[in-house]
Amino acid sequence: LSRRAAQKEQDTQCAATRVEYERWRDKRDDVTNFALGSTFHPLRWLTSEGLATKKTVHIDEVRSAFRHPSLDATMRPVVENLWRDFSPEGGVGAADALADNSGTDLREIMAAVHRWRETGIHVKVGGAHVQWWHELLHACAVDGPTAEKCTADSQVMTEEDLDQYKQKFNHLQVYLNAAQFPLSQTNDGWRRVHPTSAQAHKSKQTNGGRNRKVLPIWLRVCQRTDPLAQVLQQLKLVHGIQDALLLVSVDRDLIEPVLLELTKVDWMQVRIFLHPYTHTRTTLGFGSWDTGVHRLNSHFLFGLRLALLSLRFSYVITLEDDLLVSPDFLTFHQDLAPVAEGDSNIAAILAYPNGALHDCNFIAPKLLPFSTPPPQPSPA
């Protein structure tokens, strides 16, 4: 874009941001008030501060309470106490399955279901009957957010019944490419196991000659395959991606198209889990509430629990199904993960800071060609 067009685009985005900010003001206040009294707020576990037993808490007391405790001390008790039965830890357990490179191959599941639909041949995959897999793939929650998408071919059920399927799915530890990209757990984290010297040499080249710890990339997915397909293709171009682990958590129903899209990933190990919302909703204290905000919060905490506690990673990269990454995306996090791990007060490192200040001041320069010289400051 030209400088004039880039500035116009920035002004448009800035105006839209201000409108959205005002439109959601009341909603933000409602969410803040709800959060202060909810099960998953860290204040519930900060008993030493004396705030957990108070009926009302002023925002200044909240800020003061979090001025000294470390992130680990405040957030870890929350995610540890939220689930009485966290489904990824059922059966063999997510960490043991990852260490053993075991579980149920997603491509075998999809192939068996396809054969059953064509020929009626009954087989078991991963300890579950092929018809069970078919029911899960075609499941449509009649009381879910997208019940209007249920068709005559759908396996119609309540979302609570669907969550029983999801929890069993999580117990079966579904994966892709575990044999090609095996991992092992050491005292200081997860590492790639290189069966051949050629693979080890390639990894050393793409990682700048360093044998780095494996970082998990947690990808949140919900029904749509576009732009998910673009996100996956862009991920394939990331330097050293074969030495990372892709954790995918899938929300809602009608999951077959998403799982089929995931089977195309052949460049890294993938572990797939399904988010059982009604189960986590109860534990989070949401009652019967089912808004986008509650579901997103539930899904977010589900993924953090999975990566940081179940799989025992100390750092997790979060990604969504509509975010395209740059080729140096993984290197950025590999370089900065030790910074976060070494300082318990660092909650997150952002690869792309957002917000009103960013939208109103830093969009235009990013829209200019790389060859365009930066504007010079006006003389005083």
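Of the 380 residues of the chain in this predicted model, 43% count as buried, and the surface that the chain exposes comes to about 20,000 Å², of which carbon and sulfur atoms supply 53%. The secondary structure consists of 16 helices and twelve strands. When contacts with a sequence separation of 6 or more are considered, 71% of them are accounted for by residues 24 or more positions apart.

One residue worth following through the model is Arg-212, which is found in the loop between helix α9 (197–206) and strand β9 (216–222). Because its relative accessible area is 15%, and buried means under 20%, Arg-212 counts as buried although it carries a charged side chain. Two polar contacts involve this side chain: one, at 2.5 Å, is made with the side chain of Gln-334, while the other, at 2.6 Å, joins it to the side chain of Asp-335. The loop that follows α9 and precedes β9 is thus linked through Arg-212 to positions 334 and 335.

A further feature to locate is the second largest pocket, which holds about 350 Å³ of space. Its lining is formed by Arg-220, Val-293, Leu-296 and Asn-297, and by class these comprise two nonpolar, one polar and one charged residues. Helix α13, which spans residues 292–310, contributes three residues, the largest share of this lining. Val-293, Leu-296 and Asn-297 lie within the range of that helix, whereas Arg-220, also part of the lining, falls within the range of strand β9 (216–222), the strand that ends the loop holding Arg-212.

Methods: Residues numbered from 1 in each chain as written. Predicted model: local features only at pLDDT ≥ 70, side-chain atom pairs only at ≥ 80, totals over all residues. Heavy atoms only, no water. 1 Å grid on protein atoms, 1.4 Å probe; cavity = no way out; pocket = protein on both sides within 12 Å on 5 of 7 lines; lining within 4 Å. Points joined across faces, edges and corners; volume = space filled by probe spheres on them. Helix = DSSP H or I, 4+ residues; strand = E, 2+ residues; numbered from the N terminus. Buried < 20%, exposed > 50% of the residue type's maximum accessible area, 1.4 Å probe, protein only. Contact = heavy atoms within 4.5 Å. Areas by Shrake-Rupley, 256 points an atom, 1.4 Å probe, with all protein chains shown as cover. Polar contact = N/O pair within 3.5 Å; in protein donor to acceptor, adjacent residues only side chain to side chain.
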